[in-house]
Amino acid sequence: PIVRNIREQSEKLDFLIRSLVKASRLESDVLAVRPVRQPIAPVVEAAMATLRETAAEKQIRLLAENLEGEAFFDGKWTQEALENLIDNAIKYSPAKSQVRIRVTNYEMFSAVHVRDQGMGIREEEQALIFGRFYRGREASRQKGLGLGLYLVREIAARQGGYVRVRSARGAGSTFSFFLYRSV
């Protein structure tokens, strides 16, 4: 048990350090976000592939629908943002549920929507969840630091996009990551 506790604590510390380094690099422009026009499907599929095992552990089905479209984005950073959104969807959804990922193309933006069947987010917290280190009341029971959604917002903004949430208590959440389509 002691070795297991040490391992778990070191994994948490490693996760904290990596998250803080990513946030710091984005904020200080050490690592620039370089958007280029490219198809959206490959980056969504890569993010999903990274989290299939995590989803399988909870018997959650990851479902992709209509991933067609192109936009301007940095593949590495966009995959990071989508992994954060999908990971959160898995984390806050009940076992044996599903997480749906789809793309909607609008005139100026394409949006990658990540919909879960989780507990939902209180309306008064929805504007706060993208802040650095913010953890909602119910979210504090889950592993995390309150940096994931902050990174998602920063990555979207640095590419000319944005992120939005729609949620209702007890009815799940849909996070939409908007990517700019034209220059």
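At 48% relative accessibility, Gln59 counts as partly exposed in this predicted model, because that value falls between the 20% and 50% limits used for buried and exposed residues. Gln59 sits in the loop that runs from H2 to strand S2 (61–65). Its backbone stands out a little: phi of Gln59 is near 55 degrees, a positive value in a residue other than glycine. A similar story holds one loop further on. Asn66, which is not a glycine either, has a positive phi of about 40 degrees, and its place is the loop between S2 and strand S3 (70–73). Asn66 is partly exposed too, with a relative accessible area of 48%. A glycine with positive phi turns up after H4, where Gly160 has a value near 85 degrees.

Stepping back to the whole chain, there are four helices and seven strands. Read along the sequence, they come in the pattern α-β-α-β-β-α-β-β-α-β-β. Of the 183 residues, 44% are buried. The chain exposes about 10,100 Å², and carbon and sulfur atoms supply 52% of that area. As for how the contacts are spread along the sequence, 72% of those between residues at least 6 apart join residues at least 24 apart.

The helix packing comes next. Two packed helices are described by the angle between their axes and the distance between the axes. For helix H2 (residues 41–57) and helix H3 (residues 75–92), the angle is about 35 degrees and the axes are 9 Å apart. The crossing of H2 with H3 is right-handed. On the H2 side, the residues that meet H3 are Val43, Val44, Ala46, Ala47, Met48, Thr50, Leu51, Thr54 and Ala55. H3 answers with Gly75, Thr78, Gln79, Leu82, Glu83, Ile86, Asp87 and Ile90. Sorted by class, this contact has ten nonpolar, five polar and two charged residues.

H3 also packs against H4, here with an angle of about 145 degrees and axes 9 Å apart. This crossing is left-handed. From H3, the residues involved are Trp77, Thr78, Glu80, Ala81, Asn84, Leu85 and Asn88, and they meet Gly148, Leu149, Leu151, Val152 and Ile155 in H4. The tally by class is seven nonpolar, four polar and one charged. Thr78 is listed in the contact of H3 with H2 and again in the contact of H3 with H4. Helix H4 (residues 148–158) has Leu149, Tyr150, Leu151, Val152, Glu154, Ile155 and Ala156 as its buried residues; Leu149, Leu151, Val152 and Ile155 are among those that meet H3.

Strand S4 offers two residues worth following. Ile101 lies in this strand and is buried, with a relative accessible area of 0%. Its C-alpha is 6.2 Å from that of Glu65, although the two are 36 residues apart in sequence. Leaving aside neighbours within four places in sequence, Ile101 is in contact with Val44, Met48, Leu63, Ala64, Glu65, Leu67, Ile86, Val112, His113 and Val114. Several of these names have come up already: Val44 and Met48 belong to the H2 side of the packing with H3, and Ile86 to the H3 side.

Asn105 is in strand S4 as well (residues 98–105). At 32% relative accessibility, Asn105 counts as partly exposed. Asn105 and Gly69 are likewise 36 residues apart in sequence, with 6.5 Å between their C-alpha atoms. Beyond its neighbours within four places in sequence, Asn105 is in contact with Ile40, Glu68, Gly69, Ser110 and Arg181. Two of these partners also show up at the level of polar atoms. A polar atom of the Asn105 side chain lies 2.9 Å from the backbone oxygen of Glu68, and a polar contact of 2.5 Å joins the side chains of Asn105 and Ser110.

A serine in strand S6 (residues 162–167) rounds out the picture, namely Ser167. The side chain of Ser167 reaches the backbone nitrogen of Ile121 at 2.7 Å and the backbone oxygen of Gly172 at 3.1 Å. Setting aside neighbours within four places in sequence, the contacts of Ser167 are with Gly120, Ile121, Gln126, Gly172 and Ser173.

Definitions and conventions
Residues are numbered from 1 along each chain as its sequence is written. This is a predicted model: local features need pLDDT of at least 70, side-chain atom pairs count only at pLDDT 80 or more; totals for chains, interfaces and linings use all residues. Side-chain values use heavy atoms; hydrogens and water are left out. Buried means under 20% relative accessible area, exposed over 50%, partly exposed in between (1.4 Å probe, protein chains only). Contact means heavy atoms within 4.5 Å. Accessible areas come from the Shrake-Rupley method with a 1.4 Å probe; for residues, only the protein chains shown count as cover. A polar contact is a pair of N or O atoms within 3.5 Å; within protein, one must be able to donate a hydrogen and the other to accept it, and residues adjacent in sequence count only if both atoms are side-chain atoms. Axes are lines fitted to C-alpha atoms, for helices over the stretch in contact, and angles run from 0 to 180 degrees between N-to-C directions. A crossing is left-handed if the near helix is turned anticlockwise from the far one by less than a right angle, and right-handed if clockwise. Ala, Val, Leu, Ile, Met, Phe, Trp, Tyr, Cys and Pro count as nonpolar, Asp, Glu, Lys and Arg as charged, and the others, Gly among them, as polar.
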